[in-house]
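I opened this model to look up a few local features, one at a time. These are my notes.

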Amino acid sequence: LNNGFSKGSHYKRIKAKEYWDEIVHSAKNFAEPGLLYWDNVLNYDPAAVYDKYKPISTNPCGEQALNANDSCRLMALNLFSFVDKPFTKDAKLNLEKLYKYSYEFARLGDDLIDLEMEYIQRIIDKIKADPEPDYIKRPELELWEKSYANTKAGRRIGLGITALADMLAALGLGYDSEEGMKVIDRVMKTAMEAQLDCTIDLSILRGSFDGWDPNSEFEGPGFPIQGTNKFYQMLWDEFPEQSKRMNAFGRRNVSWSTIAPTGSVSLLTQTSSGCEPLFMPFYMRRKKVNPGEDIRVDFVDEIGDSWQEFAVLHEKFKDWLIINKYGNSYDIINFDKVYLQKLFEKSPWYGSTANDIDWIKRNEIQAILQKYTTNAISSTINLPSTVTEQEVSD
């Protein structure tokens, strides 16, 4: 071949449509391959306009697009906490409280950077003190020194959320309802406004991230009027006052928000996880009944062992039951699955679990979330088993 390709290589031209159809067929039937729309990633990332911080890949969950030697420092705000009088007719979203804590959240995130640097320095000091010769220690030492330098320079943080589904339920709203989507927009916009104010204030107090350049972010005659990518254009359109202040004073963090899965975190907060809808309000487990025990037997298996069924409830569903006087915490654990199902059908989660919601609206919800997120989102969208390849392609 004499066309610029390496000698001896073999290339075959294929039709893009056929390749796409094969990807769709495989994705529907085997959940692989994953697709990463890299141009989209870079076009909606505040760090991507800087060569020093431009992402080169993502972490496995995909919520953090990172440059080399950087890491994702994740934190999560419990959105359920910002509903006053949850699960009642007087339930109300407290946006003032949300702004206040989102601001403090961003400041705490920046403090976390300094804490991380302290620990990295301890690792560096230990490696230097280790008895091995320098040529053995050098690769590990250089890695940690690069991590320290990158952490200090960009000060990237990942401020996220959890309990989105429970927040909506506490307000009596369906996850994919039109009103619910409006509330999500207000919540995310309020949180970003606070985080913007904080990172700008911190820049004034502590200095901007290394290499901050207003001309890399906004452009236009006289005062900047246009963003250099879609993210900065969104900032200019939605947060003009913050854009003006950021253009004048810089910001502390090259990028600052994300939405991670928060699986373990949601177990601690006893809420729905991340931005996900509730998967299910309760499920049944069985415990073995020993011979001679005077307790209820619900099931005898094929080898004669006796079992008692008991429900494991989502904690906020349990709260809803108690607040609405369907029983106390001792009564609830003895409810059978038929009765629990009847109660669930009266609850604000009914029709709003992962398998119930309109998955097209689920995409629209994620678009709202992404609008106000500087990194990305880790999320699972459940599709019905009857979905067609054409729908997957769409």
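The entries below cover a helix, some aromatic rings, a few single residues and some backbone angles.

**Entry 1: the model**

I note at the start that this is a predicted model.

**Entry 2: helix H1**

I began with helix H1, which covers residues 16–30. How far apart should the ends of its 15 residues be at 1.5 Å a residue? The expected span is 21 Å, and the end C-alpha atoms are 21 Å apart, so the two agree.

Next I looked up which residues of H1 are buried, and found Ile23, Val24 and Ser26. They cover an arc of only 165° around the axis, so they are on the same side of H1. I wrote down the general reason: an α-helix has 3.6 residues a turn, so residues three or four places apart point the same way.

Which exposed residues are on the face of H1 turned away from its buried side? I found Lys17, Glu18 and Glu22 there. Helix H15 (389–393) is included in what covers the buried residues of H1.

**Entry 3: just after H1**

I followed the chain past the end of H1. Ala31 takes a positive phi of about 60° there. The peptide bond from Glu32 to Pro33 is cis, with omega near 5°. Pro33 lies in the loop between H1 and H2. I noted both because most residues other than glycine have a negative phi, and most peptide bonds are trans.

**Entry 4: aromatic pairs**

I then turned to the rings. A pair of aromatic rings is described by the distance of the centres and the angle of the planes. The count for this model comes to 19 aromatic pairs. One of them is Tyr44 with Phe231, which is edge-to-face, at 5.5 Å centre to centre and 85° between the planes. Where in the chain are the two partners? Tyr44 is in the loop between helix H2 (38–43) and strand E1 (57–58), while Phe231 is in helix H8 (residues 230–238). They are 187 residues apart, and the pair links distant parts of the chain.

Are these two residues buried or exposed? Tyr44 has a relative accessible area of 18%, so it is buried, since the cut-off is under 20%. Phe231 is at 0% and therefore also counts as buried.

I looked up another pair, Phe344 and Tyr350. The ring centres are 5.5 Å apart and the planes are at 85°, so this pair is edge-to-face. Phe344 is buried at 5% relative accessible area, whereas Tyr350 is partly exposed at 45%. Both belong to one aromatic cluster, with Phe80, Phe87, Phe282, Phe317, Trp320, Tyr326 and Trp349.

**Entry 5: arginines over rings**

I checked for charges over ring faces. Arg122 lies over the face of Tyr119, at 4.5 Å from the ring centre. Arg286 lies over the face of Phe299, at 4.0 Å from the ring centre.

Arg286 came up again when I looked at Phe310. Leaving aside neighbours within four places in sequence, Phe310 is in contact with Tyr283, Met284, Arg285, Arg286 and Lys287. Phe310 is found in strand E11 (residues 306–313) and counts as partly exposed, at 27% relative accessibility.

**Entry 6: two asparagines**

Asn253 lies in the loop between helix H9 (240–249) and helix H10 (263–269). Its relative accessibility is 1%, so it counts as buried. Which side chains does Asn253 join by polar contacts? One contact, of 3.0 Å, is with Asp110, and another, of 2.8 Å, is with Thr199. Beyond four places in sequence, the residues Asn253 touches include Gly154, Arg155, Ile157 and Phe209.

Asn150 lies in helix H4 (residues 134–154) and counts as buried at 10% relative accessibility. Not counting residues up to four places away in sequence, Asn150 touches Tyr53, Asn67, Ala68, Asn69, Asp70 and Arg155.

**Entry 7: positive phi in two loops**

Last, I looked up two residues with positive phi that are not glycines. Thr262 has a phi of about 50° and is in the loop between H9 and H10. Thr262 is buried, with a relative accessible area of 10%. Gln270 has a phi of about 60° and is in the loop between H10 and strand E9 (282–289). Gln270 counts as partly exposed, at 39% relative accessibility.

Terms used: Residues numbered from 1 in each chain as written. Predicted model: local features only at pLDDT ≥ 70, side-chain atom pairs only at ≥ 80, totals over all residues. Heavy atoms only, no water. Helix = DSSP H or I, 4+ residues; strand = E, 2+ residues; numbered from the N terminus. Expected span 1.5 Å × (residues − 1). Buried < 20%, exposed > 50% of the residue type's maximum accessible area, 1.4 Å probe, protein only. Arc of directions from axis to C-beta. Contact = heavy atoms within 4.5 Å. Phe/Tyr/Trp six-rings, centres within 6.5 Å; stacked < 30°, edge-to-face > 60°. Lys NZ or Arg CZ within 6 Å of the ring centre and 35° of its normal. Polar contact = N/O pair within 3.5 Å; in protein donor to acceptor, adjacent residues only side chain to side chain.
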